Amino acid sequence: MLSIAWKDLQILARDRSALIGAFLLPIVFIVVYLGVAGIASGSSGTSDAGPSERVALPVVDLDGGGPAAAALVEGIQADGGLDVTVYADPAGRPYTEAEALAKLDAKEVQRVLVIPAGFTADLQAGRPATVTIHSISLDPSQSQAVQMAVEGVARTMSLERQIVSSLERLAAMQRAQPSFDPATAADLAIPIARAQFEESQGRPLVTVVETRPLAAEGKEPVVISGVQLGVPGFAVLFIFLTAQVTARSIYDEKKNGTFRRLLASPLGKWPMLVGKLIPNFIVVLLQVVFLFAAGMFLLPLMGLDALHLGNDVPALVLLVLALGLCCAALGILIASIARTEAQIGGIAALALWVLAFLGGCFIPLFLLNESMATIGQVTPHYWAVTGFYDLLTRGKGLADVLDSVAVLLAFAGVFFLVGAWRFEFDR
Amino acid sequence: MPAILEADGLVKKYGEHVAVDDISFAVEEGEVFGLLGPNGAGKTTTISMLTGVLEPTAGTARIGGHDLRTEPTEVKRINGLVPQDLALYPTLSARANLQFFGRIYGLKGRDLRERVDDVLEVVALTERANEPIEKYSGGMKRRVNIAAGLVHQPRLLFLDEPTVGVDPQSRNHIFESVMKLNRERRMSIIYTSHYMEEVELLCTRAAIVDEGRIIALDTIRNLIARLGGGVIQMGLERLDDEMLAAMRALPAVTAVTIVTPQPAATAVAAAAAAAVTGEAAVAGEDRPTDAKPAGPVVKIETRRSQDALVQVVGYLNERDVGFTSIEIFEPNLESVFLHLTGKKLRE
């Protein structure tokens, strides 16, 4: 069994095209895709701004037109370079927060700024308030620009409010002490103002929070960047494509006649099949290490974000092991079904690309509608990609990806059993 | 001598098609046994069943005292298989190929290295053992193909048409290797071929196989002796019962039978037979090789072919009957096969 695996690895090591397909092509694909996606997100119709347009920022004002909310909107409009409008229906009726989030879910807008009820009253009373940016934008630079613009105005408002507050305290002191010497007012005012300024820097009255929606059941904020989505997605795509390596290896054995020699040897049929899938399993592990290492160290050198592996590396290893088994078993299934080289290289490859698309390797399914996500669940790709996103972008841990691991192992078992059952040893 | 192999009623069916039909034979320890028959006769299927590649539809075999059906692993350890096709990994070196085929039989470490070195020496490829075999000539690949079947020191070696597509020099080398393995290592060998001269040269006994059945099994000498003096196959312009009776009555003729004419193949087959057997193939007239014979073809079995030829030609001249072709098959396995089946081995 191990001798078959070792022999297949030796053959694979000499197969330059297979190595390029497994290791180099995914990197090229990821870089090109992220580059194109970056350009597209800045210019496509689904984006909220063209290269020379101001970024749209619909606002849901729950403060009821309070002066602080109005000042925030005006400040962002004037200083932030954003196109800020009250988010309203065609008749001019402002949307509620729920309605606005529904529009966001429906991808009608890329982001919504929600100003909470009581915003003005809180600020006037010196109580902290939080405004929220709900965003589904895949363009990290645009999201960052919006957040910085809103934070800049909010910080100014905080400072202004806190300085005003310090002056009000000074006035109150004067009123409380009729003997108060105006000559000492400046001596008192300066430390009070400085203290308020420092407080506004460290603990601003207005805090800005950005949330990412929302996986299907989705309540957790998601940290999305092109690299965090692209690297795992394309890794899964190319990992499953290596299932063809197993299928092609078995096909070549049959074509060359070496399969007859294997059948004539004391090796059993099951050890023979297991021996054939071990190399694929090892290749998958190497692929993940190589692609993720490239994501961490190579992509930043190209001006892209670095890939972050999340918080639970052991869970990541477990997921990758399950993925490797699933992929290798799929190779046995393909070998049992495909009867010609064209069926392995053409039809099987096409099927794997379609499954990858349905499974969310190209576009995360939580960004698409629910029916697409439901269809995607019948593919092993979906569970692999979802597991990676849970670990890498949502910061989840082992307990959260056990369902993905279990489903991938179930797929592996079904693939192997059906493949072994259908396998024609004497063909 | 004890039998190393006893095949008992082996049958292999694919749906309605019967590829091997109730084949039984025994091979003695240390014997080189031939399976002779045309392509498609069932030789490779028989070998595939005996080596555990295919499961028999019916029947079984005992090899080295182990039953093929109930003790397949023990049987496979005794067997060595050299398939007809080059069953090797082209991008690996000869040494890497042989190491792999040794490992799957459980060899490892020093034993494996020594066995690989040994078989490389047997096939005279030690010098180029570390080159990828895709760079080898066809003959060299054939030799590695044989070495791969030897590396685990099988007691019974199955050689399935090992010389197909091989140049004469490599062919001779293969013959020498087979004889050496049998003589010096007492290896039992089952050798399949549709080249009768190979079987005549290498084997002590042979089974002649046609359409999935053994139609004759004996020592080579006894098989040839069955035929007597050889066979003449002659195309005639015409033939009637009187001529047939007269030719049968000629002193040097033992039998005359009518062969169904095979127009397009006759002349081509004659040329091919002559090229391979080295026997004389006499054309009656100069005519294109794809021309159809004008009349029937008869097969004349003789006590001595030269005498019979003189007598038959003399009789035809007397009757003023021309002939369109003559093929003379001296007594050998080719003519035995023709005698038994009415077909040539390479038809």
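Trainee: What volume does the second largest pocket have?
Mentor: This is a predicted model: local features need pLDDT of at least 70, side-chain atom pairs count only at pLDDT 80 or more, and totals for chains, interfaces and linings use all residues. Residues are numbered from 1 along each chain as its sequence is written, chains are lettered from A and ligands numbered from 1 in the order in which they are written, and side-chain values use heavy atoms, without hydrogens and water. A pocket is an open set of points on a 1 Å grid over the protein atoms alone, with protein on both sides within 12 Å along at least five of seven lines. For the second largest pocket, the volume (space filled by probe spheres set on the points, joined across faces, edges and corners) is about 720 Å³.

Trainee: Which element gives the largest share of its lining?
Mentor: The lining (residues with an atom within 4 Å of a point) holds 30 residues, with A:Leu12, A:Asp15, A:Ala18, A:Val245 and A:Arg248 nearest the centre. Helices α1 (2-13), α2 (16-43), α8 (226-241), α9 (243-256) and α11 (269-298) of chain A each give two or more. Helices here are DSSP runs (H or I, at least four residues), numbered from the N terminus. The largest share, nine residues, comes from α9(A).

Trainee: How much area do chains A and B bury between them?
Mentor: Contact means heavy atoms within 4.5 Å, and 20 residues of chain A touch 30 of chain B. Of the buried area (accessible area to a 1.4 Å probe lost on joining, summed over both parts), 61% lies on carbon and sulfur atoms. The total is about 2200 Å².

Trainee: Which residues of chain A lose the most area to chain B?
Mentor: Helices α1, α9 and α10 (258-264) each give two or more residues to that side of chain A. Three residues together account for 36% of what the side buries. They are A:Arg260, A:Arg261 and A:Pro266.

Trainee: How many salt bridges cross this interface?
Mentor: The rule wants a side-chain nitrogen of Lys or Arg within 4 Å of a carboxyl oxygen of Asp or Glu. Chain A's side has six charged residues. The count of salt bridges is zero.

Trainee: What volume does the second largest cavity have?
Mentor: A cavity is a set of points where a 1.4 Å probe fits but cannot get out. The lining includes A:Arg261, A:Ala264, B:Phe101 and B:Tyr105, and α10 of chain A and α5 (138-150) of chain B each give two or more residues. Its volume is about 50 Å³.

Methods. Buried area is the accessible area (1.4 Å probe) that two parts lose on being put together, summed over both. Ala, Val, Leu, Ile, Met, Phe, Trp, Tyr, Cys and Pro count as nonpolar, Asp, Glu, Lys and Arg as charged, and the others, Gly among them, as polar.
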